[in-house]
Amino acid sequence: MRRLDLPDFPWDTLAPYADRARGHPDGVVDLSVGTPVDPVPAVVRTALAEAGDSPGYPATYGTTALREAAAEWMARRLGVCHADPAAVLPLIGAKEFIAWLPMLLGAGPGDRVGIPALAYPTYAVGAQLAGAQPVAVDGTVDVGPARLALLWVNSPANPTGRVLPAVHLRKIVDWCRERGTIVVSDECYIEFGWDAEIPPTSILHPDVCGGRPDGILAVHSLSKRSNMAGYRAGFVAGDPQLVGRLLEVRKHAGMMVPAPVQAAMAAALRDDTHVDEQRLRYRRRRAALWQALEAAGMTVEHSEGGLYLWVTRGEECWRTVEWFAERGILVAPGAFYGPAGRRHVRVALTATDERIAAAVQRLGAAG
């Protein structure tokens, strides 16, 4: 039996700094993780309650109403004019899908899975679970002649907040199609772009894929846009053949989104108002933190989108984590996301207005 040699869960190593931050007289300000703290929208909670009497098994493929809502949302908000409800598949949260996708697509020993050089750790874990080799890719020229079975892209990116322009994404799609590589775009933060000159663009947008979804998958989550992390709600869309392959495997494995959650997802995807309101909350928090971090002598890099600020003090990341912890603020070390992050920390916007104000005050005293 093959033994899985997975890395230690990174957040366990942050525990001593969390303990120090909790010792602050006014309590900890936890900016280390991206878990939502604002209320679940009423439209979502109402839909969940109304669908609560669901005694039968839900469909792995999802309801027609949910798949249509997802396709309409992609067309309305992302400009994906060719979105097909038949090529949408609900997920039990995006993380489980990211972790299992290489295996679900048949990747295994001898296959290579490309991941961003600075990346959410689950991309690499997914390759390892399948027995494939994760390969850090900072650009397609780094790949060399050996073929990638799958290539992950993430824009807006976690942890850096970097947004990839449409022309850049188009080059990636063309490169992958020439080599028979499946390209998968993690678009969980796509409704949170902050720089009007570099708007986040879906890999399924016609400017990127030419109106053809072949060889492409886009992964979406309702955790951030709709504060539904506790619901475990996401979906994948794109190449109908790839979605069909995934559906067959997931049916056998019993990977079913609960029926009440499907109803809540459909309601959330049909309503834009709550997302726009949440964007305003994050925009205010982002502006306050950015100003306070710079006033305290730090530099914010990238961060054109997403729910994090990518910050450096020009030193090794764990020293910066310690500096924050001494002031009762917990942040994530950049080394969690790859060696290229060893001089940065990730600062999340996902804290209440009161806790953000507390962080700003403490940073002001430090400056």
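Colleague: Which residues have the most contacts inside the largest nonpolar core?

Modeller: They are Leu31, Leu101, Trp152, Phe324 and Leu363, in a core of 67 residues. Helix α4 (residues 94-104) supplies the largest share of this core, five residues. Keep in mind that this is a predicted model.

Colleague: What does Leu363 touch?

Modeller: Leaving aside residues up to four places away in sequence, Leu363 touches Ala292, Leu293, Ala296, Met298, Trp323, Phe324 and Ile329. There is also a second, separate core of 42 residues. Ala69, Trp175, Val208 and Val257 are among its members.

Colleague: Now the sheets. How do strands of a sheet pair?

Modeller: Strands pair through backbone hydrogen bonds, either parallel or antiparallel. Here, seven strands form an open sheet in the order β2-β8-β7-β6-β5-β3-β4, and its pairing is mixed. The edges are β2 (88-91) and β4 (133-137), each with a single partner strand, so one side of each has no neighbour in the sheet. On average, neighbouring strands of this sheet are turned by 20 degrees against each other, direction ignored.

Colleague: Where in that sheet can I see both senses of pairing?

Modeller: Follow the strands from β5. Strand β5 (residues 150-154) pairs with β6 in the parallel sense over five bridges, and Val153 stands opposite Ser185 in β6. On to strand β7 (residues 216-221): β6 and β7 pair in the parallel sense over four bridges, with Ile216 of β7 as the bridge partner of Val183. The antiparallel case is β7 with strand β8 (residues 234-238), over five bridges. There, Leu217 has Gly238 in β8 as its bridge partner.

Colleague: Which helices pack on this sheet?

Modeller: Helix α8 (residues 240-253) packs on the sheet and touches β2, β6, β7 and β8. The direction of α8 makes about 40 degrees with that of β2. Helix α6 lies across β5, β6 and β7, running at about 175 degrees to β5. With β5 and β6, helix α6 (residues 166-179) makes a right-handed β-α-β unit.

Colleague: Is β6 buried or exposed?

Modeller: In a regular strand the side chains alternate between the two faces of the sheet. For β6, both faces are covered: Ile182, Val184 and Asp186 are buried on one side, and Val183 and Ser185 on the other. Five of the five residues of β6 (residues 182-186) are buried, so the strand is largely enclosed by the rest of the structure.

Colleague: What is the order of the four strands in the other open sheet?

Modeller: The order is β9-β10-β13-β12, with antiparallel pairing. The edge strands are β9 (299-301) and β12 (332-333), each paired on one side only. Three bridges join β9 to strand β10 (residues 308-312), and Thr299 has Thr312 in β10 as its bridge partner. Helix α10 (residues 273-295) packs on this sheet and touches β9, β10 and β13 (345-348). The direction of α10 makes about 5 degrees with that of β10.

Colleague: How many disulfides are there?

Modeller: A disulfide is a covalent bond between the sulfur atoms of two cysteines. The cut-off is 2.5 Å between the sulfur atoms, and by this rule the count is zero. Take Cys81: the closest cysteine sulfur, in Cys209, is 8.2 Å from its own sulfur, too far for a bond.

Colleague: Are Cys81 and Cys317 buried or exposed?

Modeller: Cys81 is exposed, with a relative accessible area of 62%. Cys317 is buried, at 0% relative accessible area.

Key: Residues numbered from 1 in each chain as written. Predicted model: local features only at pLDDT ≥ 70, side-chain atom pairs only at ≥ 80, totals over all residues. Heavy atoms only, no water. Buried < 20%, exposed > 50% of the residue type's maximum accessible area, 1.4 Å probe, protein only. Pairing = 2+ DSSP bridges. Helix = DSSP H or I, 4+ residues; strand = E, 2+ residues; numbered from the N terminus. Contact = heavy atoms within 4.5 Å. Axes fitted to C-alpha atoms, helices over the stretch in contact; angles between N-to-C directions. Right-handed = clockwise from strand over helix to strand, strands pointing away. Core = buried A, V, L, I, M, F, W, Y, C linked by side-chain atoms within 4.5 Å.
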